[in-house]
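Got your viewer open? Here is a short tour, one selection at a time.

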Amino acid sequence: MTAPTVPTVPTAPSPRSPRPGTAPAPAPGASRPGSPDLLRSVFRQHAAGVAVITAQDGGRPVGFTATSLNSVSADPPLLSFTIGTGASSWPAVRDSEYLGVHILGEHQRELAGLFARSGADRFGPPTGWTAGPHGVPVLDGVLAWLVCRVVARVPAGEHRVIIAEAVVGDPAGEGRPLLYHQGRFNALRD
């Protein structure tokens, strides 16, 4: 006895799956070749949380705003972020064993802007901070913070991907997260 045959139903080709021997059909809208401008344009559509990374540089606090923060692993507790090798904070990040990671709240738009601005006095008044564990600057009033030990600095073009292990922190800040979208710091909407 033979198994019954199951009829197949023809399907329409996907616009992203060309027929063998033909050029791919363009995606809906105007597709563009890969470029720095394309990547920036696409990531302007991606809302990201806002963090400030801090370190010590010869006894002087340094820091910068980062929107590239990611959780990497729960066990061990690893995170990552990127920094350009031309950034003023890069030498401190390059040379530090420990770094601070601060999750900003929507009430901290000005602080995010201050730490994103080149040449700004980031730790002058009105920035509130204290020397935390391992001498890392810990910012006041953030939603959460971690002090992390750097475990890797991975080259990625003109940037470095920093991978760090959480050592100590506090997740108990109050408020809602600050987001970065379309080139601006934004409040989370319900």
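**Start with the whole chain**

Show the surface first: the accessible area of the protein chain is about 11,900 Å², and 56% of it belongs to carbon and sulfur atoms. Keep in mind that you are looking at a predicted model. Switch to cartoon and you'll find three helices and twelve strands. Of the 190 residues in the chain, 31% are buried. Now for the contacts: among those with a separation of 6 or more, 60% involve residues 24 or more positions apart.

**Aromatic pairs**

How many aromatic pairs does the structure hold? There are four. Select Phe64 and Phe81 to see a tilted one, with 6.0 Å centre to centre and 55 degrees between the planes. Phe64 sits in strand 3 (residues 60-66) and Phe81 in strand 5 (residues 78-84), so this pair ties together parts that are 17 residues apart in sequence. Both Phe64 and Phe81 are buried.

Next, pick Tyr180 and Phe185. This aromatic pair is tilted too, at 5.3 Å centre to centre with 55 degrees between the planes. Tyr180 is partly exposed, at 29% relative accessibility, whereas Phe185 counts as buried, with a relative accessible area of 18%. The cut-off matters for Phe185, because buried means under 20%.

While you have rings on display, add Phe115, Phe123 and Trp129, which form one aromatic cluster.

**A buried serine**

Go to Ser89, in the loop between strand 5 and helix 2 (90-95). Is Ser89 buried or exposed? Its relative accessible area is 4%, so Ser89 is buried. Show its surroundings: leaving aside residues up to four places away in sequence, Ser89 touches Val62, Gly63, Phe64, Ile83 and Arg122. You've already met Phe64, as half of a tilted aromatic pair.

**Helix 1**

Colour residues 36-43, which make up helix 1. Val42 is in this helix and is partly exposed, with a relative accessible area of 46%. Together with Leu39 and Phe43, Val42 forms a nonpolar patch on the surface, with about 300 Å² of accessible area in total.

Helix 1 also has a salt bridge to look at: the side chains of Asp37 and Arg40 meet at 3.0 Å, N to O. These two are three residues apart in the helix, or about one helical turn. Asp37 is partly exposed at 48% relative accessibility, and Arg40 is partly exposed at 47%.

**More salt bridges**

The structure has five salt bridges. Zoom in on Asp95 and Arg94, another of them, where the closest N and O atoms are 2.9 Å apart. Asp95 is exposed, with a relative accessible area of 55%, while Arg94 is partly exposed at 38%.

Then select Glu165 and Arg149, whose side chains meet in a salt bridge of 3.0 Å, N to O. Glu165 is in strand 10 (residues 159-170) and Arg149 in strand 9 (residues 144-156), so this one ties together parts that are 16 residues apart in sequence. Both partners are partly exposed, Glu165 with a relative accessible area of 22% and Arg149 with 30%.

**Last stop: an open sheet**

Back to cartoon. Look for an open sheet of three strands in the order 1-11-12, paired antiparallel. Strand 1 (48-49) and strand 12 (184-187) are at the edges with a single partner strand each, so one side of each has no neighbour in the sheet. Strand 11 (residues 178-181) and strand 12 pair over four bridges. To see one pairing up close, select Leu178 and its bridge partner in strand 12, Ala187.

Methods. Residues are numbered from 1 along each chain as its sequence is written. This is a predicted model: local features need pLDDT of at least 70, side-chain atom pairs count only at pLDDT 80 or more; totals for chains, interfaces and linings use all residues. Side-chain values use heavy atoms; hydrogens and water are left out. Buried means under 20% relative accessible area, exposed over 50%, partly exposed in between (1.4 Å probe, protein chains only). Contact means heavy atoms within 4.5 Å. Accessible areas come from the Shrake-Rupley method with a 1.4 Å probe; for residues, only the protein chains shown count as cover. Rings of Phe, Tyr and Trp (its six-membered ring) pair if their centres lie within 6.5 Å; planes under 30 degrees apart count as stacked, over 60 as edge-to-face and the rest as tilted. Patches are made of residues with over 30% relative accessible area and no salt bridge: like charges are joined within 9 Å, nonpolar side chains (Val, Leu, Ile, Met, Phe, Trp, Tyr) within 5 Å. A salt bridge is a side-chain nitrogen of Lys or Arg within 4 Å of a carboxyl oxygen of Asp or Glu. Two strands pair if DSSP finds at least two bridges between them.
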